[in-house]
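The following exercises concern strand pairing, burial, cysteines and charged side chains. Each task is followed by a solution in steps.

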Amino acid sequence: MGLQSMERRLERMVEGVFTRRNRGSIRPIELGRRLVREMDDNRNVDVKGRRIVPNDFTVLLSATDHNGFSDIEEALTTELAEAAREYAREESYHFMGPVVVRLMVDNDLKTGRFGIIAQLKQAAGGLGAGSLVLPSGERVILGEHVCTVGRLPDCTILINDTNVSRNHAEIRTGTNAYVAVDLGSTNGTMINGTRIVGEQRLNDGDIVSFGSTHVRFEAS
């Protein structure tokens with residue numbers, strides 16, 4: 001089921017720009033299949049009994065193939081990373097840090113051939129991967145730096161909503177988890193519909209609300 005979902009995701013991305021490419025080009029779905037196979041083949045079990053899989057992927061391409069992806073490289077790497085996250089959720093895999101996918105040239109590769117280097121890379125502080133998915137679908141990767149939320153232009157997540165305070169809330173790294181912290185905002189910060197007092201631990205799938213804006217926390 002997880003592989004089928006990943007393939008459907010990449011097929012949706014392929015519609016349009018990539019379908020106009022030469023038929024001999026490497027298809028994004030081929031990269032996606034190899035990427036999730038690397039996750040399956042390199043999974044390990046940590047001391048908590050969780051299945052840990054690679055989260056850092058370098059896709060090696062010939063110069064010709066790399067150039068062929070140039071106009072969709074950002075969209076492709078974003079979709080491959082999102083497909084990896086979705087596959088991990090469906091297979092109950094865990095990441096040690098943010099998912100990163102990059103394309104690189106390998107001059108030893110012939111056109112039509114590619115390779116993937118998959119690595120386990122730990123997030124700062126050892127908290128594992130964490131991100132906030134905005135209503136637009138944009139993903140804000142969490143790390144050692146504080147993520148600020150509010151109406152001020154320099155906030156990490158800028159929300160133009162009169163129900164949101166200028167300095168509304170922060171997402172921080174706690175001792176063993178990411179936490180949401182309300183900064184004394186006028187209308188409060190909600191987690192799954194309940195207003196928080198002070199700080200509260202975030203769990204995978206929690207919906208965090210700032211005014212009328214709702215974001216989803218993902219731990220993997």
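**Exercise 1.** Identify the residue of β12 that is the bridge partner of Arg172, and describe how strand β11 pairs with β12.

Solution. The coordinates are those of a predicted model.
- Step 1. The bridge partner of Arg172 in β12 is Val179.
- Step 2. Strand β11 covers residues 169-173, and its pairing with β12 is antiparallel, with 5 bridges.
- Step 3. The connection between β11 and β12 is a hairpin of 4 residues.

**Exercise 2.** Determine which residue in β15 stands opposite Ala180, and in what sense β12 and β15 pair.

Solution.
- Step 1. Gln200 in β15 is the residue opposite Ala180.
- Step 2. Strand β15 spans residues 199-201 and pairs with β12 in the antiparallel sense, over 3 bridges.
- Step 3. β12 therefore has antiparallel pairings with β11 and with β15, while its own enclosure is described as follows: 5 of its 5 residues (178-182) are buried, so the strand is largely enclosed by the rest of the structure.

**Exercise 3.** Decide which residues of β12 lie on each of its faces, and whether those faces are covered or open.

Solution.
- Step 1. One side carries Tyr178, Ala180 and Asp182.
- Step 2. The other side carries Val179 and Val181.
- Step 3. These residues are all buried, and both faces of β12 are accordingly covered.

**Exercise 4.** Establish how many disulfides the structure holds, and examine the sulfur distance for Cys147.

Solution.
- Step 1. A disulfide is a covalent bond between the sulfur atoms of two cysteines.
- Step 2. The structure holds 0 disulfides.
- Step 3. For Cys147, the nearest cysteine sulfur belongs to Cys155, at 8.9 Å. The cut-off for a disulfide is a sulfur pair within 2.5 Å, and Cys147 is in no disulfide.
- Step 4. Cys155 is likewise in no disulfide, its nearest cysteine sulfur being that of Cys147.
- Step 5. Cys147 is buried, at a relative accessible area of 4%. Cys155 also counts as buried, at 9% relative accessibility; the cut-off for burial is under 20%.

**Exercise 5.** Characterise the contact between the side chains of Glu82 and Arg139, and state which elements it ties together.

Solution.
- Step 1. Side chains of opposite charge can pair when their charged atoms come close.
- Step 2. Glu82 and Arg139 form a salt bridge through their side chains, with an N to O distance of 2.4 Å.
- Step 3. Glu82 lies in helix α4 and Arg139 in strand β8 (residues 139-141), so the pair ties together parts that are 57 residues apart in sequence. Helix α4 comprises residues 73-91.
- Step 4. Glu82 is buried, with a relative accessible area of 14%, and Arg139 is buried, at 15%.

**Exercise 6.** State how many salt bridges the structure holds, and which residues are linked in a network of salt bridges.

Solution.
- Step 1. There are 8 salt bridges in the structure.
- Step 2. The network links Glu82, Arg85, Arg89, Arg139, Arg216 and Glu218.
- Step 3. Within it, the closest N and O atoms of Arg216 and Glu218 are 2.5 Å apart. Arg216 is partly exposed, at 33% relative accessible area, whereas Glu218 counts as buried, at 2%.
- Step 4. Another salt bridge joins the side chains of Arg172 and Glu170, at 2.7 Å from N to O. Arg172 is partly exposed, with a relative accessible area of 29%, whereas Glu170 is buried, at 17%.

Note on methods
Residues numbered from 1 in each chain as written. Predicted model: local features only at pLDDT ≥ 70, side-chain atom pairs only at ≥ 80, totals over all residues. Heavy atoms only, no water. Helix = DSSP H or I, 4+ residues; strand = E, 2+ residues; numbered from the N terminus. Buried < 20%, exposed > 50% of the residue type's maximum accessible area, 1.4 Å probe, protein only. Pairing = 2+ DSSP bridges. Salt bridge = Lys/Arg side-chain N within 4 Å of Asp/Glu carboxyl O.
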